[in-house]
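Subject: Structure handover

Hello,

Here is the structure I said I would pass on. Please open it first; my notes on what was found follow underneath.

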Amino acid sequence: MSLETTIFTFKISVPFEEWAKGFDSPDVDALHNANAVTPLYRGVSKDDPQSVVVVHQAEEGVAKAMFEGAREPIEAGGHIWDSTVITSYLSE
């Protein structure tokens with residue numbers, strides 16, 4: 001399998017600091033570890049405090065599958081599910 005870098009852009013319904021606290025929590029860290037997903041970056045747009053980007057790296061398809069399997073807790077953290085745009089890049 002190829003290593004895939006997956007970029008998630010989305011809107012949040014809570015302040016970024018609150019969303020980031022959840023993303024950086026031990027529970028989310030355990031989810032990443034259990035799925036062998038490495039979070040590389042998370043940040044908020046300097047022009048729109050509701051726009052967030054997260055960059056993950058994992059084996060092809062794994063980060064997207066992890067995301068799709070965790071809708072309820074992801075939304076509970078303030079992530080607006082239907083605003084999500086996923087872009088993936090492969091390294092060969």
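**Aromatic residues**

One aromatic cluster is formed by Phe10, Phe16, Trp19 and Phe23. Before going further, please keep in mind that the model is predicted.

Across the whole structure, a search finds five aromatic pairs. One of them is Trp19 with Phe23, a stacked pair at 5.1 Å centre to centre, with 20 degrees between the planes. Both residues belong to helix α1 (residues 16–23), where they sit four residues apart, about one turn of the helix. Trp19 is buried, and Phe23 is buried as well.

Phe67 and Trp81 also form a stacked pair, with 4.3 Å centre to centre and 0 degrees between the planes. Phe67 is in helix α3 (residues 62–68) and Trp81 is in strand β4 (residues 79–91), so this pair ties together parts that are 14 residues apart in sequence. Both Phe67 and Trp81 are buried.

**The sheet**

Which strands make up the sheet, and in what order? There are four, forming an open sheet in the order β2-β3-β1-β4, and the pairing is antiparallel. Because β2 and β4 stand at the edges with a single partner strand each, one side of each is left without a neighbour in the sheet. From one strand to the next, the twist averages 15 degrees.

Strand β1 (residues 3–12) runs antiparallel to β3 and is joined to it by nine bridges. Within β1 and β3, Ile7 stands opposite Val55. Helix α1 packs on the sheet and touches β1, β2, β3 and β4; the direction of α1 makes about 170 degrees with that of β2.

On the other side of β3, six bridges join this strand to β2, again in an antiparallel arrangement. Val55 in β3 is the bridge partner of Tyr41. The connection from β2 to β3 is a hairpin through six residues.

**The nonpolar core**

The largest nonpolar core has 16 residues, and those touching the most other members are Phe8, Phe10, Ile12, Phe16, Trp19, Val52 and Val54. At least two residues of this core come from each of β1, α1, β3 and α3. Helix α1 gives the largest share, four residues. Phe10, Phe16 and Trp19 appear in the aromatic cluster too.

Val54 can serve as an entry point to this region. Apart from neighbours within four places in sequence, Val54 is in contact with Thr6, Ile7, Phe8, Phe10, Trp19, Phe23, Tyr41 and Arg42.

**Three residues to look at**

Is His56 buried or exposed? His56 is buried, with a relative accessible area of 5%, and it lies in strand β3 (residues 51–59). The side chains of His56 and His32 are joined by a polar contact of 3.0 Å. Leaving out residues up to four places away in sequence, His56 touches Glu4, Thr5, Thr6, Phe8, Phe23, His32, Val37, Thr38, Pro39, Leu40, Ala63 and Met66.

Leu40, one of those contacts, is in strand β2. Leu40 counts as partly exposed because its relative accessible area is 46%, between the cut-offs of 20% and 50%. Leu40 touches Val55, His56 and Gln57, again without residues up to four places away in sequence. As a distance to check in your viewer, the C-alpha atoms of Leu40 and Ile74 are separated by 18 Å, and the two residues are 34 apart along the chain.

Ala36 is found in the loop between α2 (26–34) and β2 (38–44). With a relative accessible area of 57%, Ala36 is exposed. What is the phi of Ala36? The angle is near 55 degrees, a positive value in a residue other than glycine. Most residues other than glycine have a negative phi.

**Where to start**

If you have time for one view, I would begin at β3. This strand is joined to β1 by nine bridges and to β2 by six, and His56 lies in it. From there, go to α1, which packs on the sheet and supplies four residues of the largest nonpolar core.

Regards

Note on methods:
Residues are numbered from 1 along each chain as its sequence is written. This is a predicted model: local features need pLDDT of at least 70, side-chain atom pairs count only at pLDDT 80 or more; totals for chains, interfaces and linings use all residues. Side-chain values use heavy atoms; hydrogens and water are left out. Buried means under 20% relative accessible area, exposed over 50%, partly exposed in between (1.4 Å probe, protein chains only). A polar contact is a pair of N or O atoms within 3.5 Å; within protein, one must be able to donate a hydrogen and the other to accept it, and residues adjacent in sequence count only if both atoms are side-chain atoms. Contact means heavy atoms within 4.5 Å. Rings of Phe, Tyr and Trp (its six-membered ring) pair if their centres lie within 6.5 Å; planes under 30 degrees apart count as stacked, over 60 as edge-to-face and the rest as tilted. Two strands pair if DSSP finds at least two bridges between them. Axes are lines fitted to C-alpha atoms, for helices over the stretch in contact, and angles run from 0 to 180 degrees between N-to-C directions. A nonpolar core is a set of buried Ala, Val, Leu, Ile, Met, Phe, Trp, Tyr and Cys residues joined through side-chain atoms within 4.5 Å.
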